[in-house]
Amino acid sequence: MTDTSTPPSVEPAEAVVATADEKSEAPAEAKKSESVASDSDLFRQSEIAADYVEGLLDILDYDGDIDELVSAGRPMVEVVGDRLQPLVGQRGATLEAMQELTRLAIFRATGSPSRLLLDIGGYRAARRKELAAVGRNAVEKVKEHGDPVRLEPMSAFERKCVHDVVNAIPGVQSESEGVEPNRRIVVRVAD
């Protein structure tokens, strides 16, 4: 994530000239500070998201423990508790909507888009296992018959899970086709 705010004092472009020695050291230092800033920005996004989700839970009168973290370069918020299924909805539709609202709250607070991943009641972890089985099953059909297999329409999260499974298996490939909300995966023999 890039900080787009203006620093308190900005030197004119002519005054910012680095010597050859400074140039050779600068990239390593810049990468180090960017990764630290990036991690702190991501954690800040997860904090903003956690506050927003907590407010939603209060309004909806649901109880849940909220964990905020950064995993695989993405801010994450997990809500754990009993009787949270209505917040997940049918096939995760309500969860996806809450995730988008939470991403908008982050954008409003930071001015930058977010790749926040919201999970409620462990739904995403359980769904990831189901989708791995769907992906392996599609691969078996493709290898057995040689014909492409078109899966049912899926959300971006679900498609990513299936792509990851299929792409880890040699001899097959997957691609997405169609337009949201009817975007689906096609698994076929690799070219």
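This is a guided tour of one predicted model, moving from the whole chain to single residues.

**The whole chain**

Begin with the complete chain in a cartoon view coloured by secondary structure, where five helices and six strands can be found. Followed along the sequence, these elements come in the pattern α-β-β-α-α-β-α-β-α-β-β. If you then switch to a surface or an accessibility colouring, 31% of the 191 residues count as buried. For a view of how the chain folds back on itself, a contact map is useful: among contacts with a separation of 6 or more, 57% are between residues 24 or more positions apart.

**Strands 2 and 3**

Select residues 74–80, which form strand 2, together with residues 117–120, which form strand 3; the two run parallel and are joined by four bridges. Within this pairing, M76 is the residue that stands opposite L117 of strand 3. Now show the side chains of strand 3 alone and turn the view from one face to the other. L117 and D119 lie on one side, L118 and I120 lie on the other, and all of these residues are buried, so that both faces of the strand are covered.

**The open sheet of strands 4, 5 and 6**

Next, bring up the open sheet of three strands, whose order is 4-6-5 and whose pairing is antiparallel. Strand 4 and strand 5 are at the edges, and because each has a single partner strand, one side of each is left without a neighbour in the sheet. Strand 5 and strand 6 (residues 184–189) are paired in the antiparallel sense over six bridges.

Stay with strand 5, which covers residues 172–177, and pick S174 within it. Is S174 buried or exposed? With a relative accessible area of 15%, S174 is buried, since the cut-off for that class is under 20%. Its bridge partner in strand 6 is V187. On the side-chain level, S174 and H163 are joined by a polar contact of 2.6 Å. Leaving aside residues up to four places away in sequence, S174 touches H163, V166, N167, I185, V186 and V187.

To leave this region, follow the loop between strand 5 and strand 6 as far as P181, and inspect the peptide bond leading from E180 to P181, which is cis, with omega near 0°.

**Charged pairs**

How many salt bridges are there to look for? The count comes to ten, and three of the pairs are visited here.

Select E152 and R91 first, whose side chains meet in a salt bridge with an N to O distance of 2.4 Å. E152 is in the loop between strand 4 (149–150) and helix 5 (156–167), while R91 is in the loop between helix 2 (85–88) and helix 3 (93–110), so the pair ties together parts of the chain that are 61 residues apart in sequence. Both ends are partly exposed, E152 with a relative accessible area of 42% and R91 with 44%. Before moving on, check the backbone of R91, where phi is near 55°, a positive value in a residue other than glycine.

The second pair is R127 and E158, which form a salt bridge with the closest N and O atoms 2.8 Å apart. Here R127 belongs to helix 4 (residues 123–145) and E158 to helix 5, so that distant parts of the chain, 31 residues apart, are linked. Both of these residues are buried.

The third pair, D164 and K160, meets in a salt bridge of 2.9 Å, N to O. Being four residues apart in helix 5, D164 and K160 are separated by about one helical turn. D164 is partly exposed at 42% relative accessibility, as is K160 at 49%. Finally, select R91, R127, E130, E152 and E158 together, which salt bridges with shared partners join into one network.

**Rings and a last backbone stop**

Display R124 and F157, where the charged end of R124 sits over the ring of F157, 4.6 Å from its centre. A search for aromatic pairs over the whole structure, by contrast, finds zero.

The last selection is D61, in the loop between helix 1 (20–60) and strand 1 (65–71). D61 has a positive phi of about 60° although it is not a glycine, and with a relative accessible area of 69% it is exposed.

How values were computed. Residues are numbered from 1 along each chain as its sequence is written. This is a predicted model: local features need pLDDT of at least 70, side-chain atom pairs count only at pLDDT 80 or more; totals for chains, interfaces and linings use all residues. Side-chain values use heavy atoms; hydrogens and water are left out. Rings of Phe, Tyr and Trp (its six-membered ring) pair if their centres lie within 6.5 Å; planes under 30 degrees apart count as stacked, over 60 as edge-to-face and the rest as tilted. A charge sits over a ring if NZ of Lys or CZ of Arg is within 6 Å of the ring centre and within 35 degrees of the ring normal. A salt bridge is a side-chain nitrogen of Lys or Arg within 4 Å of a carboxyl oxygen of Asp or Glu. Buried means under 20% relative accessible area, exposed over 50%, partly exposed in between (1.4 Å probe, protein chains only). Two strands pair if DSSP finds at least two bridges between them. A polar contact is a pair of N or O atoms within 3.5 Å; within protein, one must be able to donate a hydrogen and the other to accept it, and residues adjacent in sequence count only if both atoms are side-chain atoms. Contact means heavy atoms within 4.5 Å.
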